[in-house]
Amino acid sequence: MYNNTMKNIKNKLFSKEQVEIGPESGYDNYIMAIESSCDETACAIVKNGREVIANVVASQIKTHAQFGGVIPEIAAREHLDSINIVIDEAFKQAGDLKPEDITAFAGTVGPGLVGCLLVGLNAAKTLALTYDKPFIGVNHLNAHLCGNYIDTDLKPPYMALLVSGGHTQIIDVKSYSEQEILGETIDDAVGEAYDKVARLIGLPYPGGPRLDKLAQEGNPKAFKLPEGKVEGYNFSFSGLKTAVLRLVKSFDEVPVNDVCASFQETVSSTLLKKLKKALEEKGYKQVVIAGGVAANSEIRKKIFALESEGYKVFAPPMKYCTDNAAMVASCAYFNINTFDDVNTEVFSRIKC
């Protein structure tokens, strides 16, 4: 029954080929997008991929804090409770803009938590069916890069550093539609390493931002910690995490600020070295950082210091670093690695 229903939905929907979407369309596009890949239920409306008309985010941080991390089943239920609320609020923020004025509806397809993704994606598909508009499925990682298009004049080519809870990648963005992953983590992602180290020293969830704050009060040279020795543009942070564990166990009273500062210095220096290597090889003068960990103070500081070497650096405002739907709408507009088949299913891991 489900498959037949999806076929009927597909037959009733326009495709992107029937409705022009993107910079070459010649007219204003209004994309409404929904994001629900993890623990934020978000809805946004973005004009021409760069101008935010509405942006609503319902966070579940307080819910999951008591468990020390995100519980997928609980997160999915909270998305169900919030999804209609954030959609209604987005239209309220949009003022005179009505559902019929939306050019297309978009939703995050993956990667992410399957149960969570299904809530947002099915809502986006339902809106597309109801208002007879195109549906666009969006890759969550590409969406993070597109947070940098909002309120800026950024255009490819550029070198991107994507740092989040689940991913760490250096990406050669050659055009809106063509990009190449030059390197990525072979074990822990940066955000994952931050959260694990935060737990080691007893910080509550979410640990990454708290660790960052403590690090600003510590000595980054207090402890020499190992950088992962990986060839090319790949990264490894599992050894660093283990080194911090051993360091913490060596103290009766842990010098928390110094441990945090030393850990953060090692991570940020490693990221910068790999990024500079990629920039020098490709000859790009534009640099982009994206993802939830792009909000980290020391990482931003080191990357923005590249401006003194003649590079132009872009980073999203803090509210567009963490998961949000504005970046999803922007990604749909620029048609970056998107899916326009309404039968598209969610996926938990990277899908090329």
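**Exercise 1.** In this predicted model, determine over which ring the charged end of K285 sits.

*Solution.* The ring is that of Y311, and the charged end of K285 lies 4.5 Å from its centre. The cut-off for such a placement is a distance within 6 Å of the ring centre, together with a position within 35 degrees of the ring normal. A further case is K125, whose charged end sits over the ring of F135 at 5.8 Å from the centre.

**Exercise 2.** Check whether the end-to-end distance of helix α9 agrees with the span expected at 1.5 Å a residue.

*Solution.* Helix α9 covers residues 256-282, which makes 27 residues. The expected span is 1.5 Å times one less than that number, so α9 should span 39 Å. Its end C-alpha atoms are 39 Å apart, in agreement. Just after α9, G283 adopts a positive phi of about 80 degrees.

**Exercise 3.** Classify the geometry of the pair formed by the rings of Y333 and F334.

*Solution.* The whole structure holds nine aromatic pairs. For Y333 and F334, the ring centres are 4.9 Å apart and the planes meet at 80 degrees; the pair is therefore edge-to-face, as planes over 60 degrees apart are counted in that class. Both Y333 and F334 are buried. They belong to one aromatic cluster with Y149, Y158 and Y176.

**Exercise 4.** Identify which residues of the largest nonpolar core touch the most other members.

*Solution.* This core has 45 residues, and the ones sought are F263, L271, I303 and L306. Helix α9 gives the most to the core, with 10 residues. Beyond its neighbours within four places in sequence, I303 contacts L161, L272, L275, V287, I289 and V313. Another core, of 37 residues, lies apart and includes A33, L145, V173 and A332.

Key
Residues numbered from 1 in each chain as written. Predicted model: local features only at pLDDT ≥ 70, side-chain atom pairs only at ≥ 80, totals over all residues. Heavy atoms only, no water. Helix = DSSP H or I, 4+ residues; strand = E, 2+ residues; numbered from the N terminus. Phe/Tyr/Trp six-rings, centres within 6.5 Å; stacked < 30°, edge-to-face > 60°. Buried < 20%, exposed > 50% of the residue type's maximum accessible area, 1.4 Å probe, protein only. Core = buried A, V, L, I, M, F, W, Y, C linked by side-chain atoms within 4.5 Å. Contact = heavy atoms within 4.5 Å.
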